[in-house]
Amino acid sequence: MTQFTLNGQPVEVENTPDEMLLLVIRDTLKLIGTKYGCGAAMCGACTVHVDGVAMFSCQMSVGDVEGAEVTTIEGLSEDGSHPVQQAWIEEQVPQCGYCQSGQIMRAAALLADNPTPSRAEIVDEMSANLCRCGTYNRIFKAVERAAQEV
Amino acid sequence: MTLTMNRRSFLQGTAGLTFLMGAQGITAVRSEAATGALDVNHWLTIRADGTILVVHPSTEMGQSSYSTLPQILAEELDADWADIEIEQLNADDRRFGNQLFGGVLYTAGSTGTQFYFDPMRKAGAQARDVLLQIAARAWGVDKSTLRTDPSVVVGPDGQAAGYGALAALGADGITVPDVDTVALKDRAQFRIIGHDVPRRDVPAKSTGQAVYAIDVDVPNMAYGAVLRAPVEDEVPLSVDDTAARDIPGVIDVVTLPDGVAVVAESLWSALGARGLLQVEWSRTSPFRSSNSDATLAEYAAAAHAPGAQGAVWAEKGDAPAAIAGADKQFSQLYLSDYAYHGQIEPMAAVADVDADGHGAEVRAGTPTQSWTARTVAQTLDIPVEAVRLNMMTMGGGFGRRTALMQNYVRDAVLCSRATGRPVKVIWPREDDVKQGTFRPAAAQKLHAGLTADGKLDGWYHKVATPSVIGFFNPLRWEVARPNDVISMRGAESKFYGIKDFRADHLIMDRHARLSPYRGIGASYTAFAAEAFMDELAEAAGRDALDFRLDLVKDNPRGRHLLEKVADMSGWHTRGNRALGLSFAGYSSSMAAGVAEVEVDADRGDIRIKKIWAAIDAGLIVTPDNAHNQIEGGIIFGISMALSEKIDIENGEVLQENFYDYEITRAHQVPEIDIYIAEVDAPPVGVGEVGTPMVSAAIANAFYAAQGKRLRHMPFTPDRVAGALDT
Ligand code: FES
Ligand code: FES
């Protein structure tokens, strides 16, 4: 039994504590916005915030988040109005879109931490997440656009 | 063909006017309507409430056809885009088939807009004409006095009626204009095509709401994980599943033709139990002796062999004679390795086989309703009509999901049939890599002649690689043989006018699973051709741009791109900047590119500083999306040029995941400057045009920087170091 806060709501799950956080979020708690891409800390599709920090949820066990605050893409805003999400729409970033929840969560954590990142800081931070469709330059622009809003 | 609408062909009042027979979820009334006289115009339904349902016949994998294709219809219908609802085609309904693939429903080869542009324009124009006729009759005026504003017919005295209201009046007795002669708009009248209408799928993809096959959740669903044979063609001989079955949540262990599946209440349990399976595999497969280094050496020897000939892929004049008679002769060998797609969504499918086994519902993300339905039908030995498909948006394709037999779908079907439950099968990343279907390894020998004054005099391009179609779609190979467009595209060098030209396919034995990959053959043939072109220009003592300009005299649009990209990149004033030029494309779409690189000789590292690209893809329906697709295609080209390589030893793929199969990350992405030509020509596709020219532009820029040639792609640090040592 693990208790934590998910998108502002207290949750309690009966999964064994060693179960991958990503799968608990997706398969037990049915929040499918967080994606599986590699299970190996290489793609970032699974990025969520744990106590405000961008983390690969494929690299954490659900037991690791006992008592923590976990935020997924579904909890970033109620209605897609988070400045990063709005910037993503304005810049028409997604192609297949599969990587984009993770990209948005990483970008949102970056801006929360550093509201005026330089281009180099953006590129550096976003290098943790892969986009096979190649939307990187739009991602950079969208992060810069969102930085003006937050 | 001219058709008259009759009572069965429209829906009275409540539902509106049916032009189109939707594929799924159609009411009985609509079915009856569509089996009537109007099945030529099966593309749309105008409802009485003014909403307009338009079929999306392709499948969405990131290319944006889900928005682009309905926009084409909406344009000629002169609809308000906000009124358009999009219905995914979820059946193998060949009325919507892509004739560029013989009528198969197959979203590939950057052909969606190219093929559907005409039929969807005409469908929209027919519907608009019918609405005008309804309004003319209602108002007692001549049709020619009417015009349309978005979703509204406007009459001579300012009367106005929305499309929904007109549809509700019915179309009894109205004649549908002939599809071949129906009037189409002038380009100058376009309100949607060529304008930046936002993609429909972007909000959902920016909020985590888009549902992919891997996300599907249906009641009572179980999860399957498959232990697959380590080597192609091997089969499980015996299975000890005692430990696996002890894992809580395990429902069953199912033996598949080429693997063993664990079906469990959760993916976590299924994966855990899979790790405990003890399987004895057969050891008789000839693929056990497959080694990628030996394969490439075998292909290189074939390409090198004096007088080697293959199936003629393209020919003009007499290339061998011209080269033999030229003042100077040159030849060079280029190599490229196996490459993997790396789409970020792994393969996944959900199947729910009916209790009687006579039907099944399947949710999968594939480019083809036709082959997906066929896979399920064959697996269960049921008619295609008994397959209920749901085509899910895909987390990338790039050729990965194109096969005639879709193994991961088959796995899900077999697991569902065995357990009587809906089952979601996911191939984790390692499975997707190890069970991958790859771009083939290839060896290419190019021969050319030069005149004394430095002009090209004969070109002979030999490509030694297996048939990709022969493996991934044997049905298609029966028809196409020996012409394999997947293996050979690009080797025709069709954007150049070369008087004596020949390209041959030396069809090699296959030693790995193969499939199309972004750019298909052009991803390596354009590398060889454009790297060789640079070597020839240098041998001729000519500038690489001038040398190519000789060859585009009859291709003014291509010439424009070369001149444009030279301008953009400052080619003529480049000084010490290490620039490399390349000119290739995909099918009929052309791309001229220049790469600027910096080389870290100690680390064998090539840094791409900037890429300029000038593109001609005919008419562009959605400019902003075209830009996104082209840029993504260029980044894909960088990725495959610098790092992408699959190795095979004793039939097993050595790579596992993105740590040993590296694709381009954010910090490796250069600034990319893209120009898209505005031309009065039909659309020919933007999904792959950016990719093929990139690798040669990089190799040629590397030569400008270091004076050494890179002839083996990818240009990994060890190969770069090797080239610098020569
Ligand atoms: S799924 Fe977690 S980093 Fe790729
Ligand atoms: S949008 Fe497709 S992987 Fe990023």
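Okay, let's start with one pair of side chains: B:Asp624 and A:Arg138 come together in a salt bridge, with 3.0 Å from N to O. Keep in mind that this is a predicted model.

So how many salt bridges are there across the interface of chain A and chain B? The rule finds five. On top of that, 30 residue pairs are in polar contact across this interface, both partners at pLDDT 80 or more.

Which elements of chain A are involved? Those giving two or more residues to the side that touches chain B are α1 (21-28), α2 (73-76), α3 (83-90), α4 (100-113), α5 (119-126) and α6 (136-149). The top contributor is α6(A), with four residues. If you sort that side of chain A by class, you get 24 nonpolar, 15 polar and nine charged residues.

Now the overall footprint. On chain A, 48 residues are in contact with 58 residues of chain B. The two chains bury about 4200 Å² between them, and carbon and sulfur atoms give 56% of that. In chain A, the residues losing the most area to chain B are A:Gln95, A:Tyr98 and A:Arg132, together 20% of what that side buries.

Over to chain B by itself. Chain B is split into domain 1 (7-205), domain 2 (213-285 + 347-426) and domain 3 (292-340 + 437-725). I'll stick with domains 1 and 2 of chain B, whose C-alpha centres sit 38 Å apart. Each gives 17 residues to the contact between them, and they bury about 1300 Å², 51% of it on carbon and sulfur atoms. Between these two domains of chain B the salt bridge count is zero, but 11 residue pairs are in polar contact, again both at pLDDT 80 or more.

How values were computed
Residues numbered from 1 in each chain as written. Chains lettered and ligands numbered in written order. Predicted model: local features only at pLDDT ≥ 70, side-chain atom pairs only at ≥ 80, totals over all residues. Heavy atoms only, no water. Contact = heavy atoms within 4.5 Å. Buried area = accessible area lost by both parts, 1.4 Å probe. Salt bridge = Lys/Arg side-chain N within 4 Å of Asp/Glu carboxyl O. Polar contact = N/O pair within 3.5 Å; in protein donor to acceptor, adjacent residues only side chain to side chain. Nonpolar A, V, L, I, M, F, W, Y, C, P; charged D, E, K, R; others polar. Domains from an automatic or database assignment.
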